[in-house]
Amino acid sequence: MTLDRNTSLVEFEDAPRWVPNSLYQYLSQESTGFSLARHADQSPATVEGIRVLNAETGPSVRIDFLHAAAVRMQMWNGDARDGHPLVSLGLRANRLYEVEDAPWLPVLARESVWKEAARLRHFVCAFRAHVYEVAAEQLRWQVFDDAPPIALSRFSGLPPNWR
C-alpha cells in the first residue's frame, strides 16, 4: 500500500484496549459482517494473587464490522514498530484505528461489484503479531466478562451504537 500525503490514521481512543501479550484472537465472518474477539485489558481472573489469562478466561472485547467488503491480514511485530506501511502514520499495537483518505478504498470501489462501495471506511485493528484491515461501513464494540469465543457468539443486552 502506497500512502499519499492526505492519508491519516485516527485512533478510536474510547475503544477498549487489548491485552498486549495475549496471542488469542478469534474471528467470525458472516455474509455482511466480520467480527473479531480478543482479551480485553481489564482485570481478568486471579488465582492466589496471580493474574490468570488463557483461552477460557475473560474479559474480552468483540468488534463487529457492518457490511464488510474486504478484510486483509498481515503478520507483523508490533514491538518492533516497523513492517507495516501505516507505522509511518503512528500505528501501534493493541489499538483500533480508522484510516482517513485511505488509498485502499478507491481501489476496492473500482474492483467491487458492490454498489455501495463508496460508503466504505478503512478500519485497522493492530495486535501484537497481526494487523487486520477491514473495509466496512461501520463498526461497534462491546466488552464482556466472558472469554473471546463466547463474546463472538452473542452481545449481552442492547449493542452499543454503530460508529
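This report describes the fold, the packing and the surface of a predicted model.

## Overall fold

The chain contains two helices and eleven strands. Followed along the sequence, these elements are arranged in the pattern β-β-β-β-β-β-β-β-α-β-β-β-α, so a reader tracing the model can use this order as a guide, with helices and strands taken as DSSP runs numbered from the N terminus.

Among contacts in the chain with a separation of 6 or more, 66% are accounted for by residues 24 or more positions apart.

## The largest nonpolar core

The largest nonpolar core has 19 residues, and within this core the residues that touch the most other members are Trp-76, Leu-91, Leu-108, Val-124 and Ala-135. At least two residues of the core are supplied by each of four elements, namely strand 8 (95–100), helix 1 (104–111), strand 9 (121–126) and strand 10 (130–136). Helix 1 provides the largest share, which amounts to three residues.

Leu-108 offers a closer view of this packing: when residues up to four places away in sequence are not counted, Leu-108 touches Ala-70, Leu-120 and Ala-135.

## A second core

Separate from the core described above, there is a second core of 18 residues, whose members include Leu-36, Phe-65, Val-134 and Ala-136.

## Burial and surface

Of the 163 residues in the chain, 45% are buried. The area that the chain exposes is about 8700 Å², and carbon and sulfur atoms supply 48% of this area.

Terms used. Residues are numbered from 1 along each chain as its sequence is written. This is a predicted model: local features need pLDDT of at least 70, side-chain atom pairs count only at pLDDT 80 or more; totals for chains, interfaces and linings use all residues. Side-chain values use heavy atoms; hydrogens and water are left out. A nonpolar core is a set of buried Ala, Val, Leu, Ile, Met, Phe, Trp, Tyr and Cys residues joined through side-chain atoms within 4.5 Å. Buried means under 20% relative accessible area, exposed over 50%, partly exposed in between (1.4 Å probe, protein chains only). Contact means heavy atoms within 4.5 Å. Accessible areas come from the Shrake-Rupley method with a 1.4 Å probe; for residues, only the protein chains shown count as cover.
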